[in-house]
Amino acid sequence: MKRQRAFREALSRFPTGVTLVATMDGRRARAMTVNSFSSVSLEPALVLWSLGRDSARYALFRHAPTFGINVLAFDQVELSTRCARQDDLNGAGAQWTERESGAVFVEGAIARFDCRVTAVHEAGDHEIIVAQVLDFDTPREAPALVFNRSAYGQI
């Protein structure tokens, strides 16, 4: 366990962007804060994110065929923190829209990707979700929210 903590601390020194992965669960918009988002390919347009198997939201997001990835702006720290604790976007105070695909776009994000799952790869205690980007937008200019050494910052 000591080595695992040290490994986590070492990884925390790599700054990452902060996203909300969001999908519909019936009539409710659900989200989780994720910093494991990355691009994979430009042609076809593919992205990935990692989902922990021990997450309370695992079943919902592992079986969601579509989702939105919302890149958060620095002024969305509170939303990020709320969605790290709860998955109900309305309860977190977010304004959002449902896409035709079932993906959820959050208002105020600086980039949004409408995604459909194309592959899932087992990877240790996580699963890597690979998705095709069906559509995207960049609705506003603002500094990006980043996470580094267990604290929020901006670029």
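Me: Which residue in β10 does Gly-52 stand opposite?
Reply: This is a predicted model, where local features need pLDDT of at least 70, side-chain atom pairs count only at pLDDT 80 or more, and totals for chains, interfaces and linings use all residues. Residues are numbered from 1 along each chain as its sequence is written, and side-chain values use heavy atoms, leaving out hydrogens and water. Strands β5 and β10 run antiparallel and are joined by seven bridges; strands (E, at least two residues) and helices (H or I, at least four) are DSSP runs numbered from the N terminus. Across from Gly-52, the residue in β10 is His-126.

Me: Which strands are the edge strands of the open sheet of seven strands?
Reply: Two strands pair if DSSP finds at least two bridges between them. With antiparallel pairing, the order of the sheet is β3-β2-β6-β9-β10-β5-β4. The strands that pair on one side only are β3 and β4.

Me: By how many degrees are neighbouring strands of the sheet turned against each other on average, direction ignored?
Reply: The open sheet holds seven strands with antiparallel pairing. Axes are lines fitted to C-alpha atoms (for helices over the stretch in contact), and angles run from 0 to 180 degrees between N-to-C directions. With direction ignored, the average turn between neighbouring strands of this sheet is 40 degrees.

Me: Which residue in β6 does Leu-20 stand opposite?
Reply: On one side, seven bridges join β2 to β3, which run antiparallel, and there Leu-20 stands opposite Thr-33. β2 also pairs with β6 in the antiparallel sense, over four bridges. In β6, the residue opposite Leu-20 is Asn-70.

Me: Which residue takes a positive phi in the hairpin of β2 and β3?
Reply: The hairpin has two residues between its strands. A positive phi near 70 degrees is found there at Gly-26.

Me: In β5, which residue is the bridge partner of Ser-38?
Reply: Strand β4 (residues 38–41) and β5 pair in the antiparallel sense over three bridges. These two strands form a hairpin with four residues between them. The partner of Ser-38 is Leu-48.

Me: How many residues does the largest nonpolar core have?
Reply: A nonpolar core is a set of buried Ala, Val, Leu, Ile, Met, Phe, Trp, Tyr and Cys residues joined through side-chain atoms within 4.5 Å; buried means under 20% relative accessible area, exposed over 50%, and partly exposed in between (1.4 Å probe, protein chains only). Among the residues with the most contacts inside the largest core are Val-21, Met-32, Trp-49 and Phe-67. Strands β3 (28–34), β5 (46–52), β6 (66–71), β9 (111–123) and β10 (126–137) each supply at least two of its residues. A second, separate core has 15 residues, while the largest has 18.

Me: Is Val-18 buried or exposed?
Reply: Val-18 is in the loop between β1 (16–17) and β2 (19–25). Contact means heavy atoms within 4.5 Å; beyond its neighbours within four places in sequence, Val-18 is in contact with residues including Thr-33, Asn-70, Ser-80 and Phe-147. Its relative accessible area is 3%, so Val-18 is buried.

Me: Within what arc do the buried residues of α3 fall?
Reply: In helix α3 (residues 77–85), Leu-79, Ser-80 and Cys-83 are buried. The arc, taken from the directions from the helix axis to the C-beta atoms, is narrow enough that these residues line one face of the helix. On the other side, Glu-78, Ala-84 and Arg-85 are exposed. Seen down the axis of α3, the arc is 100 degrees.

Me: How many residues apart in sequence are the parts that Asp-87 and Arg-30 tie together?
Reply: The side chains of Asp-87 and Arg-30 meet in a salt bridge (2.7 Å, N to O), the term for a side-chain nitrogen of Lys or Arg within 4 Å of a carboxyl oxygen of Asp or Glu. Asp-87 is partly exposed at 21% relative accessibility, whereas Arg-30 is buried at 9%. The salt bridge between Asp-87 and Arg-30 joins the loop between α3 and β7 (96–98) to strand β3, so the separation of these parts in residues is 57.
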